[in-house]
Amino acid sequence: MNEETLSKELKQNIIKNLYFLYGKEAYLVDLYTTRILKKCLTEQEYDFNLIKFSGNPELNQLNESVQAVPVFAEKRVVVINDLDIEKLDNAALDDLMKILSSIPETTVIIISITGFETDIKKAKVKKVIAIANTVEFEKMTEAKTADMIMKRVARLGCVISKDNASYIARLCLRNLTLIGNETDKLCAYLNYSGEITRKEIELLITKQLEAGVFALAAEITSRRGTGAMRLLDELISLGNPPVNIMSALSITFIDFYRAKLGINSGRTAAEIVSDFNYPKNRAWAVGKAMGAVSRQSIVQIRQCVIVLCDTDYKLKSSRVDERIIMERAIAELLMLC
């Protein structure tokens, strides 16, 4: 199955019992996980009928969740994010296969891989995907990304040319999470009416370093280690010095810290912008930061800022390879988040 087939089936309300979603574009994995979920349940039905696991679940608990009867709903959905099949021993794999092979008609299981790259050629993984509706989400081409931008902008009441949509795709490194943030910001700036021109793009779209670093920070707070390291590779390959990357990452986490302070104080995004005197062209950062730190505590973010300060000092004073220092820092941040 490919993305087009999956999308067509969902539009036709065709729902299967077992999905395995993976690939380089974590945004699309998350998007289709949500789409399947919303086809099965209303938000009012989530409390009793949506079960989420992160990593490898305890298999008895998983089996109980799968076999349970829906409560005041037609379906029950079990989402397993970042199931690492290769880490299962043979006995555990056999137990998992029994669970996945005997799913009740009223249960839908979605296995979504967003935190690491899974190798579907591995024998254990092959067993699972052989019985699942498996979809790989590759990174979009520039042309397809531009089409997506044009459609998103249109839904928000604005218009944009194909050339300018392609320009945004290049600026944002074809990162769909970042593209969503940037196009939303542009449409909000135009009060959701009118054409997005190169003038607005140059004024508001953050350049590659800032854009890439925001995406990197989002991967870190979502604890997606593989995605974070991949973005670091891209940023370095573009010629950005590690010191500059670290400086931009520090600014982003300071935005996160301010946003969390505001959330804990019951402040709105507009009030936080005013409290910290954000310039007009950076006000968007507050709203995005508030969403990025919804699961982190103020203590966690403060510890992240400390790690970043320490890393900045090491980059400027240590003889250790800068790449190694950066990778260690990201690993520390992932553990803290």
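**Close-up 1. A salt bridge joins Lys288 and Asp184 in this predicted model.** The two side chains meet at 3.9 Å, N to O. That distance falls inside the cut-off for a salt bridge, which is set at within 4 Å. The pair links distant parts of the chain. Lys288 sits in helix H15 (residues 284-292). Asp184 sits in helix H9 (residues 176-189). The two residues are 104 residues apart. Lys288 is partly exposed, at a relative accessible area of 25%. Asp184 also counts as partly exposed, with 21% relative accessibility. The value for Asp184 is 21%, and buried means under 20%, so Asp184 is not classed as buried.

**Close-up 2. Lys314 and Asp310 pair within helix H16.** Their closest N and O atoms are 3.2 Å apart, forming a salt bridge. Both residues belong to helix H16 (residues 298-317). They are spaced four residues apart, about one turn of the helix. Lys314 is partly exposed, with a relative accessible area of 36%. Asp310 is partly exposed as well, at 36% relative accessibility.

**Close-up 3. Asp312 and Lys316 form a salt bridge in helix H16.** The closest N and O atoms lie 3.1 Å apart. Asp312 and Lys316 are separated by about one helical turn, because they are four residues apart in H16. Lys316 is exposed, and its relative accessible area is 58%.

**Close-up 4. Three residues share a network of salt bridges.** Asp30, Glu219 and Arg224 are linked here. The structure as a whole holds 15 salt bridges.

**Close-up 5. Helices H7 and H8 pack at an angle of about 110°.** H7 spans residues 142-155, and H8 spans residues 162-171. Their axes are 8 Å apart. Angles of 65 to 115 degrees count as roughly perpendicular, and H7 and H8 are therefore roughly perpendicular to each other. The crossing of the two helices is right-handed. On the H7 side, the contact is made by Glu142, Ala143, Thr145, Ala146, Asp147, Ile149 and Met150. On the H8 side, Lys162, Ala165, Ser166, Ile168, Ala169 and Arg170 contribute. By class, the contact has seven nonpolar, two polar and four charged residues.

Notes: Residues are numbered from 1 along each chain as its sequence is written. This is a predicted model: local features need pLDDT of at least 70, side-chain atom pairs count only at pLDDT 80 or more; totals for chains, interfaces and linings use all residues. Side-chain values use heavy atoms; hydrogens and water are left out. Axes are lines fitted to C-alpha atoms, for helices over the stretch in contact, and angles run from 0 to 180 degrees between N-to-C directions. Angles under 35 degrees count as roughly parallel, over 145 as roughly antiparallel, 65 to 115 as roughly perpendicular and the rest as oblique. A crossing is left-handed if the near helix is turned anticlockwise from the far one by less than a right angle, and right-handed if clockwise. Contact means heavy atoms within 4.5 Å. Ala, Val, Leu, Ile, Met, Phe, Trp, Tyr, Cys and Pro count as nonpolar, Asp, Glu, Lys and Arg as charged, and the others, Gly among them, as polar. Buried means under 20% relative accessible area, exposed over 50%, partly exposed in between (1.4 Å probe, protein chains only).
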